[in-house]
Amino acid sequence: MKQARYLFPKDYMADPSAHVFDGKIYIYPSHDWESGIAENDNGDHFNMKDYHVFSLEDVENGEVTDHGVVLSVENIPWSGRQLWDSDTAFKDGKYYLYFSMKDKNDIFRLGVAVSDKPYGPFIPQDNPIKGSYSIDPCVFEENGQYYIYFGGIWGGQLQRYRKNKALECASFPADNEPALCGKVARLRDDMLEFDEEPRDVIILDEHGNPLTQGDTNRRFFEASWMHKYNGKYYFSYSTGDTHLLCYAIGDNPYGPFTYSGVILTPVVGWTTHHSIVEYRGKWYLFHHDSVPSGGKTWLRSMKAIELEYNNDGTIKTIEGLESY
Ligand code: FUB
């Protein structure tokens, strides 16, 4: 599968988080729509109000089923606005949908909603995860332990925190200082809260030094994803304002991770976001671009393309503008 496939031309869906549940691929995307809000650096134009779930059995040609609305902003007790990226994990017969949303004070928090089925509907908890902040949750399971990765700068508000505490004023490190990091925390056994203080996901350069804030072609911006390949842990993410999907490799889920390259060069649109999953013997990159909407950054369409590795475990870079 050398050409990317648009998965759901009927509607705008972004930030696709894909998992294999019950032998099928399930996709948990954000649901873009035309809200009429002007574009700005805070991302107010990404004013999403519900989530759908999709499933498919054949990534390359098969029919894609839309399971409809599974959670809406008006049904979440602590809701303010903006349902951003989400992800889902399965444990002991239940599915847990983790999502980013602004609370009533316009602060991004992470929430959880629970279902007996991978296709919902999902019932939200009354409150956000205690101690959570920022956006873009991704959950990775290993040996019965679940780790949640999260964080995003600019509109994702990560610059408002240090050491998991809110600052009085947002602040960025200087360009030559270590970059702001994504976060990771083990989840509690009941999957509803953090089981530890979130830790920094540190990304090192080739000399073993943390990437700096000014290294905008490599430093973390948002859109965490974790997968394991040949015994190594691949932390992948978007560089945001330089529009790259990059990855860094480590020896355990907490890192540190060493920067290893670009997965996807810039696509049409501002954001780039993804998930990586193995299915039926192949690896796939699920991502989005704004080609079908004529370049409207807030109206994105989800896609899939095969992802390949080199013999040394590095990922073959996919050209974003050539993949449609
Ligand atoms: O979809 C809203 C936001 O745009 C996501 O949370 C970010 O990762 C970016 O894709």
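In this predicted model, the side chain of arginine 300 places an N or O atom 2.7 Å from an oxygen atom of the ligand. On its own the ligand would expose 270 Å², and the protein buries 99% of that. Arginine 300 has company here. The side chain of histidine 273 also has an N or O atom 2.7 Å from a ligand oxygen, and for aspartate 15 the corresponding side-chain distance to an oxygen of the ligand is 2.5 Å.

Stepping back to the whole shell, the residues around the ligand are Asp15, Ser30, Met48, Trp84, Asp85, Asp136, Glu222, Thr271, His273, His288 and Arg300. Sorted by class, that shell comes out as 5 charged, 4 polar and 2 nonpolar residues.

Now for the sheet. Here 5 strands line up as β16-β20-β19-β18-β17, making an open sheet with mixed pairing. The edges belong to β16 (203–204) and β17 (222–229); each has a single partner strand, so one side of each goes without a neighbour in the sheet. Residue 222, where β17 begins, also turns up around the ligand as Glu222.

At the other edge, β16 runs parallel to β20 (residues 257–264), and the two are joined over 2 bridges. Within this pairing, isoleucine 203 of β16 has phenylalanine 257 in β20 as its bridge partner.

Notes. Residues are numbered from 1 along each chain as its sequence is written. This is a predicted model: local features need pLDDT of at least 70, side-chain atom pairs count only at pLDDT 80 or more; totals for chains, interfaces and linings use all residues. Side-chain values use heavy atoms; hydrogens and water are left out. Two strands pair if DSSP finds at least two bridges between them. Helices (H or I, at least four residues) and strands (E, at least two) are DSSP runs, numbered from the N terminus. A residue is near a molecule or strand if one of its heavy atoms lies within 4 Å of it. A polar contact is a pair of N or O atoms within 3.5 Å; within protein, one must be able to donate a hydrogen and the other to accept it, and residues adjacent in sequence count only if both atoms are side-chain atoms. Accessible areas come from the Shrake-Rupley method with a 1.4 Å probe; for residues, only the protein chains shown count as cover. Ala, Val, Leu, Ile, Met, Phe, Trp, Tyr, Cys and Pro count as nonpolar, Asp, Glu, Lys and Arg as charged, and the others, Gly among them, as polar.
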